[in-house]
Amino acid sequence: MDPRRAETGKNSDQIQSGHVYHLALDIGGSLAKLVYFTKNDEHIVGNEKKKSPLKASGISNSSRNSPVLNGRLNFKKFETSKINDCLEFINSMKLHLGGCQQPESPGSQTITIKATGGGAYKYADLFKEKFGISLDKEDEMDCLVAGANFLLETIHQEAFTYMGNQKQFVWIDKNDLYPYLLVNIGSGVGMIKVEGDGKFERVSGTSIGGGTFWGLGKLLTKCKSFDELLDLSYRGNNRAVDMLVGDIYGGMDYSKIGLSSTTIASSFGRAISENKERDDYKPEDIARSLLRMISNNIGQISYLTALRFGLKRIFFGGFFIRRHPFTMDTLSVAVNFWSKGEAKAMFLQHEGFLGAVGAFMSSDKHGLKELLANQKVERPPSKLSFSLDQTQVPQQDGELNGDESIECSVYGA
Ligand SMILES: Nc1ncnc2c1ncn2[C@@H]1O[C@H](COP(=O)(O)OP(=O)(O)OP(=O)(O)O)[C@@H](O)[C@H]1O
Ligand SMILES: CC(C)(CO)[C@@H](O)C(=O)NCCC(=O)O
């Protein structure tokens, strides 16, 4: 079957293929992430159509040229175990036809999509067989770093700290961003020392990550979805499961070594000293303890890694976080505690989409320039840059659950 002739189901969100440009994928061990650009109607400078007013772009028009293209950057995620849903979505939205203005003729060029993550290799044949799509593979670490750098440099309120229920956006000085430690908490955890654009080294990692939380949580609580497990953890109390310093010291602090009575001495340790079965513990307490154990562990390893390389700033990304206040608080407290306040934990609004954004940026050369040429822009630009509309970045503490989009302008030089 010609991939571009595939049937599309009726979808209320359906966008004409001519309006979708530039799709990129990051297919990880747990989740497949999509980032795609959709063009707003009638925004192209150099074409007569210029009806809609320019939306705020975060960069004043006096300081740079008018945008050549306005649109939205869209984010979507699927469970990797349901990769067929992801393929169906791409097909139903015709995302893979990005930039094709004319009806396709059979035998014309193969469609390629930028893709990163292990799934770019694992599912390459599936994409080819089902829809004739070729995956153009980009290295996962390159993409993570490119995505993080791009978001940190471009979006004003991308980074924030979170401690004691206080969320505070951090102003990033582009000239003082590097070096930093990027800790990506996906299924597993990668720790990357970033010194500049394309200048980085993966210095550490741990297999105790988001997949561990989800996997163990599933086994121990019998919950059916990750969201259910997260919900449980909101409601639980880890004291029912963990052994605290006070449990060992008869309710007292062990102040000589700086441990208060409420410090966890042993995660899940209470379970050994009670004559109880697993079913005697509340699933929400187990979920809470598990989340705390894994977040603490990652926080501690991150701090040690930052210390090893003399890094003061740690940015945490990956979909394990899901902007969960308890997770962010635990990571922050761990970094703050172990570094005695020297190192700072920061989070990213687009936490789970770093790799996909990086893959998206890597296709800059081929996608949008061609589109602009097709759109009869008077002078196709030689260099493109993106500006994301700051006013559109979700401000609430809620998670970025996968269906968001943000206003985006493309500038040419
Ligand atoms: N809806 C969800 N379903 C499953 N896991 C989820 C979900 N939302 C968040 N997660 C968490 O996010 C983790 C995956 O994060 P992310 O997408 O950043 O990594 P990945 O790319 O799949 O993994 P890796 O990079 O290790 O291959 C899961 O292991 C789980 O802890
Ligand atoms: C294997 C990857 C890179 C796949 O994304 C990731 O899951 C990871 O960094 N795991 C941790 C492996 C380790 O360093 O022990």
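# Exercises on a predicted two-domain chain

The chain of this predicted model contains eleven helices and 16 strands. The exercises below treat its overall build, its sheet, its domains and its backbone geometry.

## Exercise 1. Overall build

Determine what percentage of the residues is buried, and what share of the contacts joins residues at least 24 apart.

Solution. Begin with burial: the chain has 413 residues, and 52% of them count as buried. Next, take the contacts between residues at least 6 apart in sequence; 69% of these join residues at least 24 apart. Finally, consider the surface: the chain exposes about 19,400 Å², and 47% of this area is supplied by carbon and sulfur atoms.

## Exercise 2. The seven-stranded sheet

Establish the strand order of the open sheet and identify its edge strands.

Solution. Reading across the sheet, the order of the seven strands is β7-β6-β14-β13-β8-β9-β10, with mixed pairing. The edges are β7 (166-169) and β10 (199-206), each of which pairs on one side only. From one strand to the next, the twist averages 30°. At the β10 edge, strand β9 (residues 189-196) and β10 are joined in the antiparallel sense over seven bridges. Within this pairing, K193 stands opposite E201 in β10.

## Exercise 3. A strand and its surroundings

Decide whether strand β4 is largely enclosed or open, and find the partner of K114 in β5.

Solution. Strand β4 covers residues 111-116. The criterion for a buried residue is a relative accessible area under 20%. Five of the six residues of β4 are buried, so the strand is largely enclosed by the rest of the structure. For the pairing, β4 runs parallel to strand β5 (residues 133-137), with five bridges between the two. The bridge partner of K114 in β5 is D136.

## Exercise 4. The contact between the domains

Describe the division of the chain into domains, and state which residues of domain 1 lose the most area to domain 2.

Solution. First, the bounds: domain 1 consists of the segments 18-40, 67-101, 108-139, 353-373 and 406-412, while domain 2 consists of 156-241 and 281-349. The C-alpha centres of domain 1 and domain 2 are 27 Å apart. Each domain brings seven residues to the contact. Together, domain 1 and domain 2 bury about 550 Å² between them, and 70% of this lies on carbon and sulfur atoms. On the side of domain 1, the residues that lose the most area to domain 2 are S30, K77 and L354, which together account for 65% of what that side buries.

## Exercise 5. Backbone exceptions

Locate the cis peptide bond, and determine where K222 and K340, with their positive phi values, are placed.

Solution. The reference point is that most residues other than glycine have a negative phi, and most peptide bonds are trans. A cis peptide bond joins Y178 and P179, with omega about -5°. P179 belongs to the loop between β7 and β8 (180-185).

Turning to phi, K222 has a positive value near 65° and is not a glycine. K222 is located in the loop between α5 (210-221) and α6 (226-235). K340, also a residue other than glycine, has a positive phi of about 50°. K340 is placed in the loop between α9 (325-338) and β14 (344-348).

As a last step, is K340 buried or exposed? The threshold for an exposed residue is over 50%. K340 has a relative accessibility of 76% and therefore counts as exposed.

Conventions:
Residues numbered from 1 in each chain as written. Chains lettered and ligands numbered in written order. Predicted model: local features only at pLDDT ≥ 70, side-chain atom pairs only at ≥ 80, totals over all residues. Heavy atoms only, no water. Helix = DSSP H or I, 4+ residues; strand = E, 2+ residues; numbered from the N terminus. Buried < 20%, exposed > 50% of the residue type's maximum accessible area, 1.4 Å probe, protein only. Contact = heavy atoms within 4.5 Å. Areas by Shrake-Rupley, 256 points an atom, 1.4 Å probe, with all protein chains shown as cover. Pairing = 2+ DSSP bridges. Axes fitted to C-alpha atoms, helices over the stretch in contact; angles between N-to-C directions. Domains from an automatic or database assignment. Buried area = accessible area lost by both parts, 1.4 Å probe.
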